Amino acid sequence: MPVTDRESDRPSSGSLTWIQWVQLLVVSSGVFLSALDVSVNVALPRVSEYFYSSPSTTYLMIIFYLGTTVGLQLTMGRAGDVFGLRKIFILGLLAYSLAMMAIGFSPTIQSVVGFRVLQAVGNSALLVIAPALATSLFPSEVRGRALGVMTGVGSIGMIVGTLYAGIALEYVSWRWIFFGRMPICILAIIGSLTIIRGVGNRPNISPGTLANFDWIGAGLVFFSLSGFVATINSATAIGWFRVETFASLGLSIVAGIFFVRRQSTITDPLFNFRLVNNLTVGGGFCSNLFLYMGSFVNLFILPYFVGEIMGASSLVLGIFLLLNAVSVSVFSPIGGYLSDRVGPGIITVSGLVIVFVGLISYTTLGSDSSLVEIAVRMLLVGIGIGLFQSSNLSLIMGTMPSSDLGSGGAVSSISRGLGSVTAVTLLGWMFTSIYEARSPSVDILEASSNADSIASFMNAFQISYIAGAALVLVAIVASAVAWLGLKRSQNTPVI
């Protein structure tokens, strides 16, 4: 792909000032706020107890949130490109902040779920627009470092969210999981209104722009993506061969077909599919998708191994997850720096190779393995993800024209969301099915009760990690394709 005007309206590396790094921190606050939501998972049992609601009802807090976030990201990205990145970012912060207050004061579990949808509207804007704004702030020479800092701040948000959730639930109320974010929301809004003024604006918006926006396409892509999330959650909860599962899958497929056909026929589409036809963007999307599908085993299968087979406490598990988050936050800026120096292609592949080696190494664990062996593996996988995250984001965003930065942020964010949600369903289903096939009489939560069930658990555990590593291997191939596409575009003369 030939070089476009994507760098023409960005500052040169020689004109960088300290205020740009302050602006980056303001933009990164959106990613930080989004990452804090890990605390909600910790609070789910307490919320169920408070409202006397069943876990299946309380879990709607997660399902509706994920479905809405994924379903709106493409629309939010295009809205940022059309109406101005900063404007959509501020609207996202306002929606997110209002939702925090509303959830904190909610009188019923139904209102909590409803206001989580409002939070997801804001969250989808923050996740998509933040990398687009960060890209518009910096020239290509330091873009990787800037995006590395941003992703590192997001990982710190996961650390803070986990620690804060434990403190809030221990000493105050679950409501402070949401109230406690308000100071950060207020600072982010003030910073966006003042410090990043003049960044990501679209000065020439005609009166007909709002009317010409592809609202029909926005509805179709929302139903397609959210329907896919509903399908895999329905399959997990009630089974694959149920009317509800097929209905949501059918809605997703039909809406997706109409969306793709519409985008190829209208003059101002919501998403230009020629962007993902580019080897760099398409490869970057797929590598992100398969990385999160493969590496997510550490977040929903490893806890069972640590708690049930090793008999470790929740505190130990928390420390493991903390180690992973710390290594991601430290190595994201390093990955960004290295991608600026030697190119993002080689760093993305290198990061994925590290993750692949880390996941394969889990298959050598046994029921008598030490906690140190787990800790080393968590650090190794976190290092690989950190190196990959920032360099892959730089790869995708660097390919985008300035007029499509919001769409680039959406491509990256959607791939992460879909990868994580799909992994929980497919690998989780595979894990439990393999275990139950060998030990049908012993519940998986009591797998440590006898030698046979332990052996069945370890067999399912090892196969699941092999599957995760295989998905990361696909991600390596996709990332190599993106790297090849980048080299071709750099060797194409400017027209």
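This is a short dialogue on reading aromatic pairs, a surface patch and some helix residues in a predicted model.

Visitor: What should I know about the model before I start?

Guide: The model is predicted, so local features need pLDDT of at least 70 and side-chain atom pairs count only at pLDDT 80 or more, while totals for chains, interfaces and linings use all residues. Residues are numbered from 1 along each chain as its sequence is written, and side-chain values use heavy atoms, with hydrogens and water left out.

Visitor: How is a pair of aromatic rings described?

Guide: By the distance of the centres and the angle of the planes. Here, rings of Phe, Tyr and Trp (its six-membered ring) pair if their centres lie within 6.5 Å; planes under 30 degrees apart are stacked, over 60 edge-to-face, and the rest tilted. The structure holds 16 aromatic pairs. Take F83 and F213: their ring centres are 5.6 Å apart and their planes stand at 35°, so the pair is tilted.

Visitor: Which parts does the pair of F83 and F213 tie together?

Guide: F83 belongs to helix α4 (residues 60-83) and F213 to the loop between α10 (209-212) and α11 (215-238), so the pair ties together parts that are 130 residues apart in sequence. Helices here are DSSP runs (H or I, at least four residues), numbered from the N terminus.

Visitor: Are F83 and F213 buried or exposed?

Guide: Buried means under 20% relative accessible area, exposed over 50%, and partly exposed in between (1.4 Å probe, protein chains only). F83 has 14% relative accessibility and counts as buried; F213, at 6%, is buried as well. Another tilted pair is F461 with Y465, at 4.7 Å centre to centre and 45° between the planes. Both lie in helix α21 (residues 451-490), 4 residues apart, about one turn of the helix. F461 is buried at 0% relative accessible area, and Y465 is buried at 0% too.

Visitor: Which residues form one aromatic cluster?

Guide: F461 and Y465 join F305, Y362, F431, Y435 and F457 in it.

Visitor: And how do I read a charge over a ring?

Guide: Look for NZ of Lys or CZ of Arg within 6 Å of the ring centre and within 35 degrees of the ring normal. In this model, R116 lies over the face of Y65, 4.0 Å from the ring centre.

Visitor: Which residues make the nonpolar surface patch?

Guide: A patch is built from residues with over 30% relative accessible area and no salt bridge (a side-chain nitrogen of Lys or Arg within 4 Å of a carboxyl oxygen of Asp or Glu); like charges are joined within 9 Å, and nonpolar side chains (Val, Leu, Ile, Met, Phe, Trp, Tyr) within 5 Å. V326, V330, I334, Y337, L338, V342 and I346 make one of about 520 Å². Helix α17 (residues 314-342) gives the most, with 6 residues. I346 lies in helix α18 (residues 344-361) and is partly exposed at 35% relative accessibility.

Visitor: What can I look at in helix α19?

Guide: Try S391, which lies in α19 (residues 371-399) and is buried at 0% relative accessibility. A polar atom of the S391 side chain lies 2.7 Å from the backbone oxygen of L387. I385 is also in α19 and is buried at 11%; its C-alpha atom is 6.2 Å from that of G351, 34 residues apart along the chain. L380, in α19 too, is partly exposed at 30%.

Note on methods. Areas by Shrake-Rupley, 256 points an atom, 1.4 Å probe, with all protein chains shown as cover. Helix = DSSP H or I, 4+ residues; strand = E, 2+ residues; numbered from the N terminus. Polar contact = N/O pair within 3.5 Å; in protein donor to acceptor, adjacent residues only side chain to side chain.
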